[in-house]
Amino acid sequence: MAESNKSPTLAALFALALAAPPALAAEVRLSAPGASDGLRDALRASALSLEAAEGADASAQDILAAARADYARLIGALYARGYYAPIIRIRLDGREATEISPLSLPDRISRVEIDIETGRPFAFSTAQIAPLARGTELPEGFAPGKRARSTAIRDAATAGVTGWRATGHAKARVGEQRITAHHPGATLDARLGLVPGPVVQFGDLVIAGRTAVRPERLRAIAGLPTGKRFDPEALERSADRLRRTGAFRSISLAEAETLDPDGRMDITLNVTDDKPRRLGFGAELSSLEGVALSAFWLHRNLMGGAERLRFDAAISGIGGTEGGGEDYRLALRLDRPAFIGPDTGLFALAAIERLDEPDSRENTARFGIGLTRTLSKRLAGEAALLFSYSDVRDGLGSRSMTHAMLPVSATRDDRDNLLNPTGGSYLGLGVMPFLALGGEAESGARLTADARLYRGMGERVVLAGRLQFGSILGAGAEGVPPALLFFSGGGGTVRGQPYQSLAVDLPGGERIGGRSFVGLSAEARVAVRGSIGLVAFADAGFVGAESWLGEGDWHSGAGLGLRYDTGIGPIRVDIAAPVGGGTGDGVQIYIGIGQAF
């Protein structure tokens, strides 16, 4: 029996493979004499053959396929900038790519060269599109004498069709197109004809695909105005209503290709359900306030109607050094969308809290029902009827109180990013009348406001500012739960000052919350490199004993922060110290997720 000789042979082959030199990337070059830096960058980005050749593992077949497709891509990039007489040469090892047969390729390609003669830029001699719906605004670049960019023609066609669709002509389209290039004069004659089509009414909402949400609830939430004149904004509002439920991973509303005999157009809804349950956690750290932990459990479709049930639990003040102890909160909220029409939802809530603050102890239970109303994409409101019981011990003694509360709030939010805004603004206004029902409660009202503004200064700097205001009207501090009074100091108000360090002083060294509050914050956020950013900030706060600004005290703090952008929001580390006021000293550290405001 012959002895096997495979093992030494395999070992030798393996050693040779390890010793073999790695494959070398091909040499690449793009030449476009007279082209601007921006055009040259656009051409290089369009030339996928260069990208393929720079990869050490690219095959000759890959490079040739990319090079042959590059002719069309490069022409598209040139047309987009108004060059309609280019000469493009793509050579692979000195041979024009169009002349190389895929059946006779060499083993590897070592050099890719692209030479482009752009020619003169063309200008529009004629730029016409008709008929146009009233109020249609064409792009500024689509006009005689302007650079004849193909993108301007495309944008003009889109604007024309969009204008007709906005007036109910859902099937508007581009009809006749006459685009002629005159090479001697480097001009382009562009004439587009639009076909508006008939005025269309919304038809039925047709449910496609599989979803755990009942069809009648999908139609109620979407609120498609069946029988009304077609409006693309109404269609987008229907999609937004479905997105706001949080029950769906994806939403698609497709217009039917043909109209029914009555001129109505059905809309097909296709949704993909998100996972019905979700569990989340959060944590924040302050050097003086300690650790705050939170968690929630969420059900997105509790009863088949996109009802949203959420349980929240939180513990804060763990390991804090500023007096008081741990605070506990357990809450639940059930939301049902489209309770009264598609834009008004119903919610019910209940919560119990134990607050062990530096100057008060409070046990509270509340429950109630309310309505939410979406007025536009950026404007929303909420109103509720709540019943609250509080057992309180603070500088004014021990007491209990029962209130009926009617909190009403409105928000306008046009920030470009909720966790890391670089532009836009936020305004939140709230008024909460409360009626004494028992104990030592008093009747009155609580007013609050929160305004934030964000402005980008170039590509790297964002300036952010915040103004907070609060006031208790009608009731004295002894007839209101301490949680409704106002304190200042800590991560949510004045960084650098100890948590709730500014309050109203009482005889004997006791303190209570104020009946008026003002908070001011300013930040300069600077992107340094990649995901890293730096922040300089300053905060100030005022707390007064009366309902309106008058007798009271100010304090302030300032510091520097580090931000690391995770893609879903920045990780925040702030270091701050007192600047004004007599409520604290030393350095404080704050760690959390998302910007401070």
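**Note on the predicted model**

1. Strand β20 contributes the largest share of the nonpolar patch, namely three residues. The structure under review is a predicted model. The patch lies on the surface and is formed by Phe367, Leu385, Phe387, Leu406, Val408, Val431, Leu435 and Leu437. Together these residues have about 680 Å² of accessible area. At least two residues of the patch come from each of β17 (379–394) and β20 (424–439).

2. One member of the patch may be examined individually. Phenylalanine 367 belongs to strand β16, which covers residues 360–374. Is this residue buried or exposed? Phenylalanine 367 has a relative accessible area of 51%; exposed residues are those over 50%, so phenylalanine 367 counts as exposed.

3. The overall architecture should be stated next. The protein chain contains seven helices and 29 strands. Along its principal axes, the C-alpha trace spans about 95 × 80 × 70 Å. The radius of gyration of the protein chain is 33 Å, whereas a compact globule of 597 residues would have a value near 25 Å.

4. The surface and the interior of the chain can be described by totals. The accessible surface amounts to about 30,600 Å², and 57% of this belongs to carbon and sulfur atoms. Of the 597 residues, 39% count as buried. Among contacts with a separation of 6 or more, 58% are made by residues 24 or more positions apart.

5. Helix α7 (residues 232–244) permits a check of geometry. What span should its 13 residues have at 1.5 Å a residue? The expected value is 18 Å, and the end C-alpha atoms of α7 are 19 Å apart, which agrees.

6. The surroundings of α7 also deserve attention. Its buried residues are Ala234, Leu235, Ser238, Ala239, Asp240, Arg241 and Leu242. An α-helix has 3.6 residues a turn, so residues three or four places apart point the same way. The buried residues of α7 pack against β8 (201–208), α6 (215–222), β9 (248–255) and β10 (264–273).

7. Glycine 263 is located in the loop between β9 and β10. Why does glycine 263 count as buried? Its relative accessibility is 17%, and buried means under 20%, so the residue meets the criterion. With neighbours within four places in sequence left aside, glycine 263 is in contact with Val199, Val200 and Gln201.

8. A final point concerns distance. Glycine 263 and threonine 583 are separated by 320 residues in sequence, and their C-alpha atoms are 72 Å apart in space.

Notes
Residues are numbered from 1 along each chain as its sequence is written. This is a predicted model: local features need pLDDT of at least 70, side-chain atom pairs count only at pLDDT 80 or more; totals for chains, interfaces and linings use all residues. Side-chain values use heavy atoms; hydrogens and water are left out. Patches are made of residues with over 30% relative accessible area and no salt bridge: like charges are joined within 9 Å, nonpolar side chains (Val, Leu, Ile, Met, Phe, Trp, Tyr) within 5 Å. Accessible areas come from the Shrake-Rupley method with a 1.4 Å probe; for residues, only the protein chains shown count as cover. A salt bridge is a side-chain nitrogen of Lys or Arg within 4 Å of a carboxyl oxygen of Asp or Glu. Helices (H or I, at least four residues) and strands (E, at least two) are DSSP runs, numbered from the N terminus. Buried means under 20% relative accessible area, exposed over 50%, partly exposed in between (1.4 Å probe, protein chains only). The radius of gyration is taken over C-alpha atoms; the globule rule is 2.2 Å times the number of residues to the power 0.38. Contact means heavy atoms within 4.5 Å. The expected span of a helix is 1.5 Å times one less than its number of residues.
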